[in-house]
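Welcome, and thanks for opening the viewer. Let's take a short walk together, one selection at a time.

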Amino acid sequence: MPGRSRGKRIVLGHLPLPERRFVADALRTETVGGVVLLAAAVIALVWANTPWKETYEAVRDVHFGIAALGLDLSVAHWTSDGLLAIFFFVAGAELKRELVIGELRHPGTAALPVLAAISGMAIPTLVYGLVATGMGGTWNGWAVPMATDVAFALGVLAVIGTHLPSALRAFLLTLAVVDDLGAIVVIAVFYTSTINLAALIGAVLGLGLFFHLHDRRQVHGWYWYLPLALVIWGLTHASGVHATVAGVAMGLLLRVAEDGERGRRPAEWIAHLVRPVSAGVAVPLFALLAAGVSVSGDSLGNVLTEPEPLGVALGLAVGKVLGVFGGSFLAVRFTRARLSRDLAWADLLAVSMLAGIGFTVSLLIGELAYPDPADQEQIKAAVLLGSLASALLACLLLRLRNNRYRRLYEEENRDENADGIPDIHQRPDPASSRDRGRSPDGNRDRRGRRRGGSAGPGASEN
């Protein structure tokens with residue numbers, strides 16, 4: 001009802017110019033990274049299902065590093081503990097920015113993506129538990145279906161959504177930032193078996209020095225921070241806490257206030273520099289070494305018959321869409337948040353399906369939850385199957401929504417007499433004027449125009 005929407009904040013509607021530039025920059029890089037990630041995953045799957053499978057496993061198991069420091073690790077271990085720390089560093093920087101100057105600084109605005117992300121982590125866990133324990137399994141893999149792979153999801157959205165509202169992409173990116181924070185908290189709290197107190201204290205002291213140099217003294221120069229970051233990462237790894245926690249901790253310590261000397265925000269600038277390394281190198285290499293699963297009738301059959309793999313697959317494909325969409329509905333129903341006028345609930349349903357793509361972080365948590373290689377193979381197959389099902393369902397609905405927005409865009413920009421004025425604005429019929437004020441769902445918005453009608457090909461650059 002109109003009266004109920006008064007005073008509510010429009011979530012990810014018309015963003016301020018700096019916010020739009022930041023989101024557009026992140027989306028461009030993550031979209032390209034999603035394509036590279038997809039290619040790496042396909043290569044890994046093909047490689048692991050050819051006669052050269054032993055070569056793939058041999059590459060993964062090659063060890064190198066400094067044994068005296070506890071860093072004689074396999075290639076696969078280096079990618080999951082080392083390269084993914086870069087990914088979580090960027091996630092931490094993005095979260096810090098959103099909390100300080102972005103949309104998440106407003107409680108009303110933050111309510112929708114935050115509640116959607118929390119619900120999108122809780123419901124897949126419950127779905128996993130109900131399925132796995134109901135079939136006689138365990139709760140070991142409860143955290144595997146929690147995470148959304150932002151690079152994959154944005155890559156799919158970029159390919160399908162040429163005319164979708166840019167607010168949809170911004171919602172997915174904000175959702176993923178909160179989702180990443182939840183994943184790293186789960187990894188830090190639930191997948192740390194033993195603690196080396198001396199190493200942990202050393203890592204905390206290193207983070208304190210990082211904060212002092214960067215925020216208090218405002219020291220410039222990568223040559224100060226890169227060696228310090230490596231020391232912090234090494235101490236975190238030695239402490240028993242998963243080393244990716246070091247990445248997100250340093251990202252959260254970056255300064256968001258404008259640098260008076262250079263006139264830019266360090267958190268934004270550093271994330272801008274590091275994001276291509278994360279999206280284009282770190283995450284794809286992890287996928288290349290983690291996604292190599294033997295696909296056969298038996299392995300796929302195990303996903304559908306074994307309790308834990310089936311729980312993971314359904315947690316991603318079913319739990320994620322229920323969680324994200326349900327959390328969004330509850331936020332709109334019971335808080336001051338509401339959807340952007342450019343979005344319909346069908347759009348949000350589509351992006352909720354897209355959130356079920358849990359590739360990168362789900363594979364990482366799967367490796368932590370199931371140390372046995374045989375169990376890992378089944379869980380990885382479940383992650384791939386659940387993510388694929390989510391992607392296919394999301395693509396179907398996104399294509400339908402994209403076609404509707406494309407037709408609206410073409411109608412509202414048709415100029416048959418070539419006079420430079422869209423024909424829709426020259427119709428004398430009052431009924432046509434009323435039609436112009438209707439949304440794709442038949443509802444007039446407060447601006448008297450179609451929702452999503454302005455979303456053309458350029459809308460992807462929010």
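One cut-off will help on the way: a residue is called buried under 20% relative accessible area, exposed over 50%, and partly exposed in between. Please keep in mind that this is a predicted model.

**Stop 1: the whole chain.** Begin with the protein chain in cartoon view, where you can trace 16 helices and four strands. Of its 462 residues, 53% count as buried. Now show the surface: about 20200 Å² is exposed, and carbon and sulfur atoms supply 64% of that area. If you turn on contacts with a separation of 6 or more, 78% of them come from residues 24 or more positions apart.

**Stop 2: a loop.** Next, select Q218. Where does Q218 sit? You will find Q218 in the loop between α7 (197-216) and α8 (222-239). Check its backbone: phi is positive, about 55 degrees, although Q218 is not a glycine. For background, most residues other than glycine have a negative phi. Is Q218 buried, exposed or partly exposed? Its relative accessibility is 35%, so Q218 counts as partly exposed.

**Stop 3: a nonpolar patch.** From the loop, move on to W222, Y223, W224, L226 and L230 and show them as sticks. Together these residues make a nonpolar surface patch of about 640 Å². Pick out L226, which has its place in helix α8. With 45% relative accessibility, L226 counts as partly exposed, because that value falls between the two cut-offs.

Key: Residues are numbered from 1 along each chain as its sequence is written. This is a predicted model: local features need pLDDT of at least 70, side-chain atom pairs count only at pLDDT 80 or more; totals for chains, interfaces and linings use all residues. Side-chain values use heavy atoms; hydrogens and water are left out. Helices (H or I, at least four residues) and strands (E, at least two) are DSSP runs, numbered from the N terminus. Buried means under 20% relative accessible area, exposed over 50%, partly exposed in between (1.4 Å probe, protein chains only). Contact means heavy atoms within 4.5 Å. Accessible areas come from the Shrake-Rupley method with a 1.4 Å probe; for residues, only the protein chains shown count as cover. Patches are made of residues with over 30% relative accessible area and no salt bridge: like charges are joined within 9 Å, nonpolar side chains (Val, Leu, Ile, Met, Phe, Trp, Tyr) within 5 Å. A salt bridge is a side-chain nitrogen of Lys or Arg within 4 Å of a carboxyl oxygen of Asp or Glu.
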